[in-house]
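Hi,

Here is the structure I said I'd pass on to you. Have a look at it first, and then read my notes underneath.

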Amino acid sequence: MSTIEHPRPDGLLHNPGFSQVVVASGTRTVYTAGQVSIDERGALVGGDDLAAQTAQAMRNVGLALAAAGATYADIVKITTYVVNYRPEQRTIIGKARAPFFVGKTPPASTLVGVAALALPEWLIEIEAVAVVD
C-alpha cells in the first residue's frame, strides 16, 4: 500500500497551492515526460491562452499517469516550465491547475521560467512524479 504524507515544517510558509515536503512510500514510482498543450493528433490546444494551455497540459499529465495506473492523487512532485515567465502568471497557472487537485493536498511543486520550449507555440510544459502500489 502506498502512503503519501505532507509534513508541515516549522519555519516554512504553508501555501495551500503546493506542499513544501512530501514523504511517499509505495512499490512503484511513475515519471511522466513533460506534457504540453497538444491533443492526441499533436494539434495545439489553447493558442496564446496560458490558462487553457495549462489545463490541457494537466489533462495530458493525467492521461500519462492513467496509462501507468496512477492518478493526480498519487503525484508527489510536479515541475512546471513557463516560457518568458512573469510573476503575475503564477495566479493564472495556479487557478488552471487547482481543479486537478480538488480535495487533495497538492504535491511538492517547482515553477521554472525558461526562454523557450521545443516548439515556439508551447507556453508551458508540466512533468510529474507519482508513487503508487
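Searching the whole structure, which is a predicted model, turns up three salt bridges. Let me walk you through them.

Start at Arg41. Its side chain meets that of Asp39 in a salt bridge, with N and O 3.0 Å apart. The side chain of Arg41 also pairs up with Glu40, this time at 3.9 Å from N to O. Put together, Asp39, Glu40 and Arg41 form a linked network of salt bridges.

Are these residues buried or exposed? Asp39 has a relative accessibility of 17%, so it counts as buried, the cut-off being under 20%. Arg41 is at 65%, and exposed means over 50%, so Arg41 falls in the exposed class. Glu40 is exposed as well, just like Arg41. So the network joins a buried residue, Asp39, to Arg41 and Glu40, which are both exposed.

The remaining pair is Arg86 with Glu88, where the closest N and O atoms are 2.9 Å apart. Arg86 has 42% relative accessibility, so it counts as partly exposed, between the 20% and 50% limits.

While we're on charges: the chain has 10 positive and 12 negative ones, and the mean positions of the two groups lie 5 Å apart.

Now for the overall fold. How many helices and strands does the protein chain have? There are two helices and six strands. Going along the sequence, they come in the order β-β-β-α-β-α-β-β. The radius of gyration is 15 Å, close to the 14 Å that the globule rule gives for 133 residues, so the chain is as compact as a globular protein of that length. If you drew a box around the C-alpha atoms along the principal axes, it would be roughly 40 × 35 × 25 Å.

A few more numbers for the whole chain:

- Buried residues account for 35% of the 133 residues.
- The accessible surface comes to about 7300 Å², and carbon and sulfur atoms own 57% of that.
- Take the contacts between residues at least 6 apart in sequence: 74% of them join residues at least 24 apart.

Two loop residues are worth finding in the viewer.

One is Gly46, which sits in the loop between strand E3 (28-31) and helix H1 (50-67). Its relative accessibility is 28%, so Gly46 counts as partly exposed. Which residues does Gly46 touch, leaving out those up to four places away in sequence? They are Ser37, Ala52 and Gln53. You can also check the C-alpha atoms of Gly46 and Gln56: these residues are ten apart along the chain, and the two atoms are separated by 7.8 Å.

The other is Asn84, in the loop between strand E4 (75-83) and helix H2 (89-97). Asn84 is exposed, with a relative accessible area of 53%. What made me stop there is the backbone. Most residues other than glycine have a negative phi. Asn84 is not a glycine, yet its phi is positive, at about 50 degrees.

If you only have a few minutes, begin with the salt-bridge network of Asp39, Glu40 and Arg41, and then go to Asn84 with its positive phi.

Cheers

Conventions
Residues are numbered from 1 along each chain as its sequence is written. This is a predicted model: local features need pLDDT of at least 70, side-chain atom pairs count only at pLDDT 80 or more; totals for chains, interfaces and linings use all residues. Side-chain values use heavy atoms; hydrogens and water are left out. Helices (H or I, at least four residues) and strands (E, at least two) are DSSP runs, numbered from the N terminus. The radius of gyration is taken over C-alpha atoms; the globule rule is 2.2 Å times the number of residues to the power 0.38. Buried means under 20% relative accessible area, exposed over 50%, partly exposed in between (1.4 Å probe, protein chains only). Contact means heavy atoms within 4.5 Å. Accessible areas come from the Shrake-Rupley method with a 1.4 Å probe; for residues, only the protein chains shown count as cover. Lys and Arg count as positive and Asp and Glu as negative; His and the chain ends are not counted. The place of a charge is taken as NZ of Lys, CZ of Arg, CG of Asp or CD of Glu. A salt bridge is a side-chain nitrogen of Lys or Arg within 4 Å of a carboxyl oxygen of Asp or Glu.
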